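Visitor: I would like to examine how the helices in this structure are arranged. Could you take me through it?

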Amino acid sequence: MSEQIRDRIIVPLDVSSRDEALSLLDRLPEVRFWKVGLELFVSSGPTILEELKQRQKCIFLDLKFHDIPNTVAGACRAAGRYGVDLLTVHGTAGRTALERAVAAAAEGANSVGLPAPNLLAITLLTSLNSRDLAFDLKVPVELPEYALHMAVVAQESGIQGAVCSPREAAELRRVCGDEFLLVCPGVRPAWAETGDQRRVMTPQDAFKAGASYLVIGRPITAAADPQASWSRICNDLEC
């Protein structure tokens with residue numbers, strides 16, 4: 001598999017402590033792009049980001065900011081100073097929050113001489129399906145239409161990309177164009193269990209659908225041999 005494709009697989013550090021995260025980093029030295037989510041960031045703080053930077057890794061800071069515009073902007077300004085590559089906000093925070101998030105993240109990064117992170121809007125969590133959208137959230141549109149709408153609103157607000165299920169990736173790519181980043185969780189090799197992800201696709205099919213990056217977690221990190229699972233996914237993508 002080419003180095004370029006390998007770098008487009010993001011592995012989440014979905015663990016509860018810095019020590020567990022460092023253990024995963026040591027066991028998977030070939031992984032270049034790592035995701036830091038709420039659990040690890042709340043437990044360890046920005047020190048884990050410093051560790052990743054020291055190891056010359058790319059960082060997806062997946063904190064999914066969702067609040068009033070002033071609070072979202074403040075959080076993005078602070079996160080911009082960490083030197084991360086990707087940063088998430090919820091699309092449902094609204095246009096004003098999204099617009100201010102972009103400006104604030106750039107301001108924070110520039111204040112310490114770093115490039116601004118690419119902001120990604122959450123369209124709809126991949127743990128939710130059409131029934132959840134209709135009956136629990138009371139959104140009266142079809143799921144693919146809703147995800148597309150959220151991505152378009154984000155793009156119009158200056159957001160550089162979206163987090164979406166790979167099942168919506170092809171339509172988002174068609175409408176939003178080649179430069180819009182699509183980061184897809186809910187990616188599972190055919191040999192792996194789906195877990196709590198509801199709208200899943202294999203890595204090969206997700207890339208074919210237009211994904212820019214894939215987030216692949218438990219098939220690698222929860223495996224008895226994470227290195228063997230990582231290598232198997234890489235080998236599958238070479239075929």
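Guide: Contact here means heavy atoms within 4.5 Å. The model under discussion is predicted.

Visitor: Which residues in helix 6 does helix 5 meet?

Guide: Helix 5 spans residues 69-80 and helix 6 residues 95-111. From helix 5, the residues in contact are Pro-69, Asn-70, Val-72, Ala-73, Cys-76, Arg-77 and Gly-80. Their partners in helix 6 are Thr-96, Ala-97, Arg-100, Ala-101, Ala-104, Ala-105, Glu-107, Gly-108 and Ala-109.

Visitor: Are helix 5 and helix 6 roughly parallel or roughly antiparallel to each other?

Guide: The axes of helix 5 and helix 6 lie 7 Å apart, and the crossing is right-handed. The packing angle is about 25°. Angles under 35 degrees count as roughly parallel. Helix 5 and helix 6 are therefore roughly parallel.

Visitor: Why do the buried residues of helix 9 lie on the same side?

Guide: The buried residues of helix 9 are Pro-166, Glu-168, Ala-169, Leu-172, Arg-173 and Cys-176. They share one side of helix 9 because they cover an arc around the axis of only 145°.

Visitor: Which exposed residues does the face of helix 9 turned away from its buried side carry?

Guide: On the buried side, the cover includes helix 8, strand 7 and helix 10. The face turned away from that side carries the exposed residues Arg-167 and Arg-174.

Visitor: Which residue caps the N-terminal end of helix 9?

Guide: At the other end, just after helix 9, Gly-177 takes a positive phi of about 90°. At the N-terminal end, a side-chain oxygen lies 3.0 Å from the backbone nitrogen of Arg-167. That oxygen belongs to the capping residue, Ser-165.

Key
Residues numbered from 1 in each chain as written. Predicted model: local features only at pLDDT ≥ 70, side-chain atom pairs only at ≥ 80, totals over all residues. Heavy atoms only, no water. Buried < 20%, exposed > 50% of the residue type's maximum accessible area, 1.4 Å probe, protein only. Helix = DSSP H or I, 4+ residues; strand = E, 2+ residues; numbered from the N terminus. Arc of directions from axis to C-beta. Polar contact = N/O pair within 3.5 Å; in protein donor to acceptor, adjacent residues only side chain to side chain. Axes fitted to C-alpha atoms, helices over the stretch in contact; angles between N-to-C directions. Parallel < 35°, antiparallel > 145°, perpendicular 65-115°, else oblique. Left-handed = near helix turned anticlockwise from the far one by under 90°.
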